[in-house]
Structure formats: C-alpha cells, structure tokens
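Thanks, everyone. I'll walk through one model this morning. Please look at the screen.

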Amino acid sequence: MILSVHQTDPELSMPPRNKGGPKLTDEQIKTLEKWVMMGAPAPVGAGVGKLTGLSQKARDHWAFKPVVTPELPSIRNQAWAQNEIDVFVMQKLEQNGLKPNPATDGDSLLRRLTYDLHGMPPTPAESDAFARDYDAAVARDVYAMRNGQPARAASLVVERVVDRLLTSPRYGERWARHWLDTARYSDTRGNRRDIEGERFPSAWTYRDYVIEALNSDKPYDQFIIEQLAADRLPDLSKDDPRLAALGFITVGKRFDNNDDTIDERIDTTTKAFLGLTVSCSRCHDHKFDPIPAADYYSMHGIFASTIEPMQEPVIRGTRIGNAAERADFDKKMRDLVESNTRGYYRYITAQLGVIHKEFAGRALFQMAGQRSERASIFRSSISSSPSVRSMAPLISPLTRQSLARWLACVG
Ligand code: HEC
C-alpha cells in the first residue's frame, strides 16, 4: 500500500496514476506510513458498529416489504374486469391507451389451461368435449345478456374444467417441477456420474413427496417445516411419509470438504425460503446485504450438527417393488451388512493387535521404573475388554462415520 501511494510503479499506483489519479499529499503519505509503523491498528471502536445492514433505499425494495392487499385502482371499463387482477391489467392498458384483446375461443382457452396446469396439450377428445360445452354456454350467455340476465354459463364451464385439471395427479407433477428446480433436485451427487455410489437411489421419494404435497394442497407452512425438519416433528412415526421431505436438504451436490456441502445447503435453503443469497456472507459481512457472517454461521451450526442416517428408512406407502424384488433387495442388503461387518471386525482386530503391542511395550518400559500417572491409564486400557468406543480416537484411518456404521451393524 505504501509503495502504491508513492506512485513510483505506474502498474501499482494508488490513486491509479495511469488514469490521472492525483497523488496523495506528502503529509497524507506520512500519516499512512506512521500508521503502518504502528502496526496498522484498527481505529478505536471499529467493528462495534454494524457494518452489514440494509440502507433505507434497499429497504424500499419490494422484496423486503411485507405482503399487503393493495387498494384497487379505479378504471373506466369496469365491465371488462372479472376479478381484481383484471382491474390492475386494465389500469395499465388504459394508462397506455390500449384496448384488451377479444376473449379467446374455447379451443385455445382449453389449450392454455391444460398447458398451464398439466404442462401438456389436451387430448383431441377433451378438446371436442370442451368446445361443445363452451360454445353452447357462450350462446346461452349471449341470449341471457340480451334479456338483461346474468351471464355465467361460460365461466361455469371454465370453472369445471379447471377443477378437473386441478384434481388430476398431472397437476402436481407439472407444478412440482418448479419447486424441484428450486430444491436443485437431482438423482446424483452432481459429479462423477459414472460411479454407482454417486447416485441418490432414494431421491425419487422426495420428488414424489413434492408432487403429493401439491396434489393434496399441503399448506405452505407445513411444506416448509417438513422439508427442513421432518425428523423433529412431534408426532413422527418411524416410517412416516413426511420423512421424504428431508430430501430437500440431502439431494444436493456433495463435496469432499463437508463445509462446502453445508454451504451448498445454506445456499439452497436461503434462496428457496428467503429469496435471498446468503452464501456471500460465508467469508465476510457486506455493506449492503441484510445477512451478516454471524447469521451464516448460526445456520452453518445447524447443518453441521445434523447427521444423515446410514440407511434411509423405508417409508410407508412408497412403491417399493413386488415381493420377489423386495426379497432380492433384502438379501443383497443382508450380504452387504455381513461382509461389511466381517471387514470391520478384521480391521478392528488388526488394529487392536497393533495397539496391544504398543501398550505392552510401554507397560514394560514403565515397569522398568518409569512410573507415572499415565502408566495406570495404559494399564486400565489393556485390561479392559476391547471397547470400541474408547478406542475411537486411536483408530485414525477409521472415520467417525464408518465407526458409527460399524456400531450400528454390530448392534
Ligand atoms: C470464499 C470466501 C468469500 C466468499 C464466499 C465471498 N467473498 Fe467477497 N471477498 C473475500 C475476500 C477474501 C475478499 C478480500 C479480497 C481482497 O481484498 O483482495 C473479498 C472482497 C469482497 C469485496 C470487496 C470489498 C471491499 O471493500 O473492497 C466485495 C464487494 C465482495 N467481496 C463481495 C462479495 C459478494 C457479493 C459475494 C457473494 C457473491 C462474496 N463477496 C463472497 C472472500 C469471499
């Protein structure tokens, strides 16, 4: 910094000399040099004030405002608007001197509705049936209006078809796709696709949970709670279908560094539920962001203290194959557990051998006169039965996770 304010090197000069930046005065440079000589201390009181926060301008951004029911604007063509949203559309049309398009015909109306709600075009039979009903209803409405009566027939036909589309399971499949994008849904861990172990074989249970949540009109607050903490629900059963919601946390990309995996989860969770990117505050506070690094690490703590089960529960009501497939799966699982257990036993026995040998050596050494507090610790370790738990810190290549799995296997 001191070199740059002297501006001797044009590539490294502050303020930039090649952009005509004026040089600091000698007195200013002296002050900076003195500050560096002092050890570059932070000003008294620095860091006390809150750096991170929203300016008033940012606070006025619509995203930070609570949801309100706005006043309806007044419009000239009241008759055209059939609902509140129409009123806002008409207000803008009138402001810009535009006229609304004529109402669409039955055929394209059904196409639009079916694409919106199912993501697919209607079948020819559905189109024919709707066109017949709709055209007849429009004719009835025209007749009614001529006689000064309310014209509701066409909108009733539309309501019926919307109800049919909403009731169909296709509705949840279509709209789940939007949420599954938000939840970065994936069947793999995001890298090394070719490796079997990189797949999430149970990811589909989360996908089906989201589809079902939409089809059953699950309230949004429950939808949030279950995806973040289904395992903490007070009335949870072991095979509770709501457990599948936790796929929201677990179907993301995995990294060798667990903190990166947690970062990915914080990123997904905050974008999905706050509509904010929070992961910038992983490293530093920001002048204009509402989330400080301290909050980031509060969330980090929650994810860091969350463990995934070694084996996911079999969830009630999931399609898990026929009896033969199930038996085949169970057998493969049993074989895996057995061969893993044998492997771990072999490993532990070998490690115990090494440890015993080392202890014996030390014990001999201590018996030769080097008595100390530690000697008794060693002796009690040798004489106690080989408790795996007490060995845990000694067995370094065995990760804590594999040890937990091993303990689960041997019960
Ligand atoms: C992996 C850690 C890390 C993350 C994540 C990170 N930053 Fe930074 N950021 C740094 C470091 C380190 C510096 C200081 C770099 C330097 O001075 O050379 C910095 C500097 C900055 C600066 C310059 C500050 C100044 O006063 O000059 C801005 C602005 C900034 N980051 C914004 C962001 C934004 C926005 C994000 C999210 C998109 C982000 N950072 C995410 C580590 C990070």
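A term before the ligand: a residue is near a molecule if its C-beta atom, placed from the backbone, lies within 6 Å of it. Around the ligand, that gives Cys-280, Arg-282, Cys-283, His-284 and His-286. By class, this shell splits into two nonpolar residues, two polar and one charged. Keep in mind that this is a predicted model.

So, confidence. The protein chain has a mean pLDDT of 85. Of its residues, 86% reach 70 or more. The highest value belongs to helix 8, at 97. The lowest belongs to helix 16, residues 388–391, with a mean of 43. Residues 375–397 have pLDDT below 50. That stretch still has 16 contacts in the model, beyond near neighbours in sequence.

Now the overall build. What is the count of helices and strands? The protein chain has 17 helices and zero strands. It runs to 411 residues, and 11% of them are buried. Take the contacts with a separation of 6 or more: residues 24 or more positions apart account for 48% of those.

On to the cores. In soluble globular proteins, nonpolar side chains tend to be buried together. Here the largest nonpolar core holds 17 residues. Which of them touch the most other members? Those are Tyr-206, Tyr-209, Val-210, Ala-245, Leu-246 and Phe-248. Two elements give two or more residues to this core: helix 9, 203–215, and helix 11, 247–250. Helix 9 supplies the largest share, five residues.

There is a second core, separate from that one, with seven residues. Leu-110, Phe-130, Tyr-134 and Ala-154 are among them.

Back to Ala-245 for a moment. Set aside neighbours within four places in sequence. Ala-245 is then in contact with Tyr-206 and Tyr-209, and also with Glu-226, Gln-227 and Ala-230.

Next stop, Gly-172. This glycine sits in helix 8, residues 169–182. Is Gly-172 buried or partly exposed? The cut-off for buried is 20 or more other C-beta atoms within 10 Å. Gly-172 has 19 C-beta neighbours inside 10 Å, so it counts as partly exposed. Its contacts, leaving out neighbours within four places in sequence, are Ile-211, Glu-212, Leu-214 and Asn-215. Then there is His-118. Gly-172 and His-118 are 54 residues apart in sequence, yet their C-alpha atoms are 8.1 Å apart in space.

Last, the N-terminal end. Leu-12 lies in the loop between helix 1, 2–6, and helix 2. Leu-12 counts as partly exposed because it has 13 C-beta neighbours inside 10 Å. Past four places in sequence, Leu-12 is in contact with Leu-3 and Ser-4. Leu-12 and Met-1 are 11 residues apart along the chain, and 8.9 Å separates their C-alpha atoms.

Then helix 2 itself, residues 26–37. A geometry check first. At 1.5 Å a residue, its 12 residues should span 16 Å. The end C-alpha atoms are 16 Å apart, which agrees. And burial? The number of buried residues in helix 2 is zero, so this helix lies largely in the open. Just after helix 2, Gly-39 takes a positive phi of about 100°.

That's the tour. Questions, please.

Conventions: Residues numbered from 1 in each chain as written. Predicted model: local features only at pLDDT ≥ 70, side-chain atom pairs only at ≥ 80, totals over all residues. Nonpolar A, V, L, I, M, F, W, Y, C, P; charged D, E, K, R; others polar. Core = buried A, V, L, I, M, F, W, Y, C linked by C-beta atoms within 7 Å. Buried ≥ 20, exposed ≤ 12 C-beta atoms within 10 Å, placed from the backbone. Helix = DSSP H or I, 4+ residues; strand = E, 2+ residues; numbered from the N terminus. Contact = placed C-beta atoms within 7 Å. pLDDT = per-residue confidence, 0-100. Expected span 1.5 Å × (residues − 1).
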